[in-house]
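Please find below my notes on the model, set out as numbered points. They take up a loop residue, then helix packing, and then the aromatic side chains.

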Amino acid sequence: RAAGPARSHLPRGALRPGRGGARRLRGSSSAAPALGTGPGSAAAAREERGPGRSSCGAPAGGMGLEPLFQAWSYFRRRKFRECADLCSQLLERPPGEQAAWSLKTRALTEMVYVDEIDMDQEGIAEMILDENAIAQVARPGTSLKLPGTSQGGGPSPAVRPVTQSGRPITGFVRPSTQSGRPSTMEQAIRTPRTALTARPITSASGGYVRLGTASMLTNPDGPFINLSRLNFAKYAQKPKLAKALFEYIFHHENDIKNALDLAALATEHAQFKDWWWKVQIGKCYYRLGLYREAEKQFKSALKQQDMVDTILYLAKVYLRLDQPVTAVNLFKQGLDRFPGEVTLTCGIARIYEEMNNISSAAEYYKDVLKQDNTHVEAIACIGSNHFYSDQPEIALRFYRRLLQMGVYNCQLFNNLGLCCFYAQQYDMTLSSFERALFLAENEEETADVWYNLGHVAVGIGDLNLAYQCFKLTLVNNNDYAEAYNNLAVLEMRKGHIEQARALLQTASSLAPHMYEPHFNFAILSEKVGDLQRSYTAAQKSEEAFPGHVDTQQLIKQLKEHFAML
């Protein structure tokens, strides 16, 4: 049989995201640029009526402004450090002003503010020690966490590579898609080193604690407010002060328990009629892992006041409980009340994409573009869908649109190079990859570009250039399983069986969820007569990609051979 070894899947220029909550893009054969437009600005100054004139009416030197009014001006111009310093000076004078205290609290909060809607990072502790087991065997198309339960007609692993959880490696990266749920503790601990995801080894709650301790640097003399000495019952009776204090405790100090106590007292003082406090209690419960209690609070808040943000928080709860269908229905109900709301439409598209229902996701991303034609994530995901649907010319138009919008980074030129190559526009291919190499910010990005250049070299038949490109990939990133696999294929062509065997074993140990190294190892072992190893590797290949026809034929041949023995 002339079936040769399988070359690894389509080029993958997978730029891994950073550690923050901001959305970054894996620049890959499908990825889009590292620009995420999230629902709600991450540090938007919330409008509020400013404090009145200061009682310490000395005008600020040179500006003719009272110090408190100058501090307010700094706050409005997002100069939070200057605002906090000026408020500190005002508070040193007797008596300390409530307005200055409140303004400094808000300024310190804004320095470390992270939009909770976008910040969703599930650590290993949450994944492995998760007691919210809904259903061990979910019905097809109803779970995000079990690979193989999606019936969306997305590209197969032969066309679009996937992670160990069944999620595509390439695509627009968001905090919730940086890695999948590992099936064993060993896989979970190995993932951040081998798959180069931004998944923290510690739990997400540990990350929040580190965020809180880092914020102590904003006050070298110690914390601005000593929470242990505060009488929360007194502050709960002053709604304007209580809201600023809550956000300070929640975001700056990251003390969820005290924040929850204050919110509970404040909502009781408001006779349970203030929807804002119910949303804050829901956020506290969500951080503490009490998802059902958070769901009750968000639902109660929605009954009092219909808000897009509350719908997004409630959808986050359902996604964490692995109920994507409920989340989609919630978004659709929200669209009935807020027609054309981009964040809700984008939320539906993301859920469908995570369930590998690519066609439905593309339709909703097109609806997003009807409302906001500069939405980077929607343009990138539609371009990626066209690329994997074997329409590189159309994908090229979408990526050119991103270039016209001012997106200028390594991932975008990487994608442009791949689209040009598959669209047979060879004059632009190498120049795009050269620009991508020039714009690469770290070794992982450089490795991705060299890997794709290796594929281009294989495509034009220059195997020596391909060999050098894959070697350069490993120089920049020594854990690149696909490069090991492709180097093994080139070594097999040269007749170097032992080197090919060693490279394939390295590739399969680095990425046990990929089917190519297992299949190539099975072919190689069969050629040298080691049928038992060939059969074992072929079974692993079939487990990784059940629909691979060549693997099924090889297993059938081996079974016939064993039956003859």
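1. Ala-440 is placed in the loop that links helix H19 (426-439) to helix H20 (443-460), and the reader should keep in mind that this is a predicted model. If neighbours within four places in sequence are set aside, the contacts of Ala-440 are with Cys-410, Glu-445 and Thr-446. A further distance concerns Asn-414, which is 26 residues from Ala-440 along the chain, with a separation of 9.8 Å between the two C-alpha atoms.

2. Helix H1 (residues 67-76) and helix H2 (residues 80-92) have axes that come within 8 Å of each other and cross at roughly 160 degrees. Since angles over 145 degrees count as roughly antiparallel, H1 and H2 are therefore described as roughly antiparallel to each other, and their crossing is left-handed. On the H1 side the contact is made by Pro-67, Leu-68, Gln-70, Ala-71, Tyr-74 and Phe-75, while H2 contributes Phe-80, Glu-82, Cys-83, Leu-86, Cys-87 and Leu-90. Sorted by class, the residues of this contact between H1 and H2 are 10 nonpolar, 1 polar and 1 charged.

3. How do the axes of H1 and helix H3 (residues 98-112) cross, and within what distance do they come? They cross at roughly 20 degrees and come within 11 Å, which means that H1 is roughly parallel to H3. The crossing of H1 and H3 is again to be entered as left-handed. From H1, the residues Leu-68, Ala-71, Trp-72 and Phe-75 meet Ala-99, Ala-100, Leu-103, Arg-106, Ala-107 and Glu-110 of H3. The class count for the contact of H1 with H3 is 8 nonpolar and 2 charged residues, with no polar ones.

4. Helix H24 (residues 516-528) packs with helix H25 (residues 531-544) at an angle of about 160 degrees, and their axes are 8 Å apart. This angle makes H24 roughly antiparallel to H25, and the crossing of H24 and H25 is left-handed. The residues that make the contact are His-518, Phe-519, Phe-521, Ala-522, Ser-525 and Glu-526 in H24, together with Leu-531, Arg-533, Ser-534, Ala-537, Ala-538, Lys-540 and Ser-541 in H25. When these residues are grouped by class, the contact of H24 with H25 has 6 nonpolar, 4 polar and 3 charged residues.

5. Turning to the aromatic side chains, the structure holds 21 aromatic pairs. Which residues form one aromatic cluster? Phe-387, Tyr-388, Phe-421, Tyr-422 and Tyr-426 do so.

6. Two placements of a charged group over a ring also deserve a place in these notes. The charged end of Lys-494 sits over the ring of Tyr-467, at 3.9 Å from the ring centre. The charged end of Lys-283, for its part, sits over the ring of Phe-250, with 5.3 Å between this charged end and the centre of the ring.

Definitions and conventions:
Residues are numbered from 1 along each chain as its sequence is written. This is a predicted model: local features need pLDDT of at least 70, side-chain atom pairs count only at pLDDT 80 or more; totals for chains, interfaces and linings use all residues. Side-chain values use heavy atoms; hydrogens and water are left out. Rings of Phe, Tyr and Trp (its six-membered ring) pair if their centres lie within 6.5 Å; planes under 30 degrees apart count as stacked, over 60 as edge-to-face and the rest as tilted. A charge sits over a ring if NZ of Lys or CZ of Arg is within 6 Å of the ring centre and within 35 degrees of the ring normal. Axes are lines fitted to C-alpha atoms, for helices over the stretch in contact, and angles run from 0 to 180 degrees between N-to-C directions. Helices (H or I, at least four residues) and strands (E, at least two) are DSSP runs, numbered from the N terminus. Angles under 35 degrees count as roughly parallel, over 145 as roughly antiparallel, 65 to 115 as roughly perpendicular and the rest as oblique. A crossing is left-handed if the near helix is turned anticlockwise from the far one by less than a right angle, and right-handed if clockwise. Contact means heavy atoms within 4.5 Å. Ala, Val, Leu, Ile, Met, Phe, Trp, Tyr, Cys and Pro count as nonpolar, Asp, Glu, Lys and Arg as charged, and the others, Gly among them, as polar.
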